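I opened this notebook to keep a record of what I looked up in one structure, entry by entry. Each entry starts from something I wanted to check.

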Amino acid sequence: MTHPDFGLSKPLTPPLYPSAVYTLPDLDALDAIYEHRTPGFIYARDGHPNATQLASELTQLSAAQWGVVTGSGMGAIAAACLAFLKAGDRVLLSRRLYGKTIRLLQDECTRFGVVVELVDSSDLAAVANALQASHYQLMIVETLSNPLCRVADIPQLAHLTHDHQCRLLVDNTFASPVMCRPLELGADLVMESLTKIINGASDITLGFLAGRQTADGQRVASVVSTWGLAANPFDCWLTMRNLSTLDLRVRTASTNALAVARWLKDQPAVSRVVYPGLTDHPDHALAGRLLEHGYGHMLCFELAGGRKAVNTWMRATPQIPFAPSLGHSDTTCSHPATTSHRYETPEARAAEGITDGLIRLSVGCEPLEPLLRILAQGLQQLGA
Ligand SMILES: *Cc1c(COP(=O)(O)O)cnc(C)c1O
């Protein structure tokens, strides 16, 4: 097998290396790579150039010491659990976490003898009490929760957990490193689902786990290889293409989201708007302190007519696709009551404020005026 000779030139854009295995000149070279005396690759499950390159960019963006790319966001959370938990360990979870994260801990990790407790992580006294009452190895929170964008007070949570020798893992997916770098605020570990705004094109699934202690990074790399959580080269390569526009996309989507939230507030058909950039959001001030470049791309609004009104609105606005994910470069909508919170009891949903009329928007970075026109066209149908 021959490789192209680039001479004095080299490609501007990063090549894709789908190779599952790497060849080596001799046994001494193999030893040097195994012993980390020289860089190099041996087998793609243990590491490959496209993952290494993506991880290195994201590690810088996250102000981390180390970072590992995984096959999905759930893979990154699974890697953290597998790397740092053992039978008998306790984990404290924000009760507003992404549903699959709660399932992973409550249904899967408990089978391996891990004990899981839920807490309202916005209630710092309740967190302090829980940490006082038992020893926890790990606490997991989200910078911005789904769908109502409650903001985690990461600096305070880091103080509380560290007082009790507990690691703090922050899922930063809704914020992205452009808006928040939890490791700078005291967290020990941060994860991102790259599937969402970091790639921003809804055409890959990948995750990222990063931290501050080198020993943690070695442990995570070993777990990712052994449990087979590695990312594939093509997804890493696609994501690399989009990293250079991440900053632009996050800022523009954030600016759009604030404008959309303010506009929705004035619409008679809309009974409630939930966005941390609005002064009536319970975490508006906290968001202002912890987030940069605005308040994010996620917002919710409620139609008084419940499920029927949501269906009418969705049918009138096919330009805003119903897609139960987020972070796409164009605006999409979702419906928490029948998607992310489908398996919660109606009472639990009501207690959280997730009504049948609540629509979640993942605001994109398209031009604002046409987007407002489409939103208006949908709301007009409700009056008819
Ligand atoms: C999507 C998501 C995940 C899981 O990521 P995948 O890439 O879908 O596995 C975890 N946390 C949050 C907040 C998410 O939105």
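The entries below go through a helix pair, an enclosed helix, a cavity, and some individual residues and bonds.

**Entry 1: the model.** I note at the outset that this is a predicted model, and I read every value below with that in mind.

**Entry 2: a helix pair.** I recalled that two packed helices are described by the angle between their axes and the distance between the axes. For α10, residues 246-265, packing against α14, I find an angle of about 35° and axes that lie 11 Å apart, and I record the crossing of these two helices as right-handed. On the α10 side the contact is made by Asn256, Ala259, Val260, Trp263 and Leu264, which meet Leu368, Leu371, Leu372, Leu375, Ala376 and Leu379 of α14. When I sorted the residues of this contact by character, I got 10 nonpolar, one polar and no charged.

**Entry 3: the residue ahead of α14.** I then looked at Pro367, which sits in the loop between β11 (358-362) and α14 (368-383). Its relative accessibility is 58%, so I enter Pro367 as exposed, the cut-off for that word being over 50%. I also took its separation from Arg167: the two are 200 residues apart in sequence, and their C-alpha atoms are 41 Å apart in space.

**Entry 4: an enclosed helix.** Is helix α9 largely enclosed or largely open? Eight of the 11 residues of α9 (233-243) are buried, so I write this helix down as largely enclosed by the rest of the structure. The buried residues are Pro233, Asp235, Cys236, Leu238, Thr239, Met240, Asn242 and Leu243. Looking for what covers them, I find α2 (49-61), β1 (66-70) and α10 among the elements involved, and α10 is also the helix I had met in its packing with α14.

**Entry 5: the loop between α2 and β1.** Two residues of this loop drew my attention, Ala63 and Gln65. I checked backbone angles with the reminder that most residues other than glycine have a negative phi, and most peptide bonds are trans. Ala63, although not a glycine, has a positive phi of about 55°, and with a relative accessibility of 32% it counts as partly exposed. Gln65 reaches 57% relative accessibility and therefore counts as exposed. Setting aside its neighbours within four places in sequence, I find Gln65 in contact with Thr59, Gly211 and Arg212. Between the C-alpha atoms of Gln65 and Leu291, which are 226 residues apart along the chain, the separation is 21 Å.

**Entry 6: another positive phi.** His293, likewise not a glycine, has a positive phi of about 60°, and I place it in the loop between α11 (284-290) and β9 (298-303). Its relative accessibility of 34% is why I list His293 as partly exposed.

**Entry 7: a cis bond.** Which residues does a cis peptide bond join? I find it between Asn146 and Pro147, with omega at about -5°, and Pro147 belongs to the loop between β4 (138-142) and α6 (154-163).

**Entry 8: internal space.** My search of the whole structure returned one cavity of 30 Å³ or more, and the largest cavity holds about 70 Å³ of space. Its lining consists of Ser94, Arg96, Leu97, Ser121, Ser122, Glu142, Ser145, Arg150, Val151 and Ala152, which I sorted into three nonpolar, four polar and three charged residues.

Key:
Residues are numbered from 1 along each chain as its sequence is written. This is a predicted model: local features need pLDDT of at least 70, side-chain atom pairs count only at pLDDT 80 or more; totals for chains, interfaces and linings use all residues. Side-chain values use heavy atoms; hydrogens and water are left out. Helices (H or I, at least four residues) and strands (E, at least two) are DSSP runs, numbered from the N terminus. Buried means under 20% relative accessible area, exposed over 50%, partly exposed in between (1.4 Å probe, protein chains only). Axes are lines fitted to C-alpha atoms, for helices over the stretch in contact, and angles run from 0 to 180 degrees between N-to-C directions. A crossing is left-handed if the near helix is turned anticlockwise from the far one by less than a right angle, and right-handed if clockwise. Contact means heavy atoms within 4.5 Å. Ala, Val, Leu, Ile, Met, Phe, Trp, Tyr, Cys and Pro count as nonpolar, Asp, Glu, Lys and Arg as charged, and the others, Gly among them, as polar. On a 1 Å grid over the protein atoms alone, a cavity is a set of points where a 1.4 Å probe fits but cannot get out, and a pocket is an open set with protein on both sides within 12 Å along at least five of seven lines; lining residues have an atom within 4 Å of a point. Grid points are joined across faces, edges and corners, and a volume is the space filled by probe spheres set on the points.
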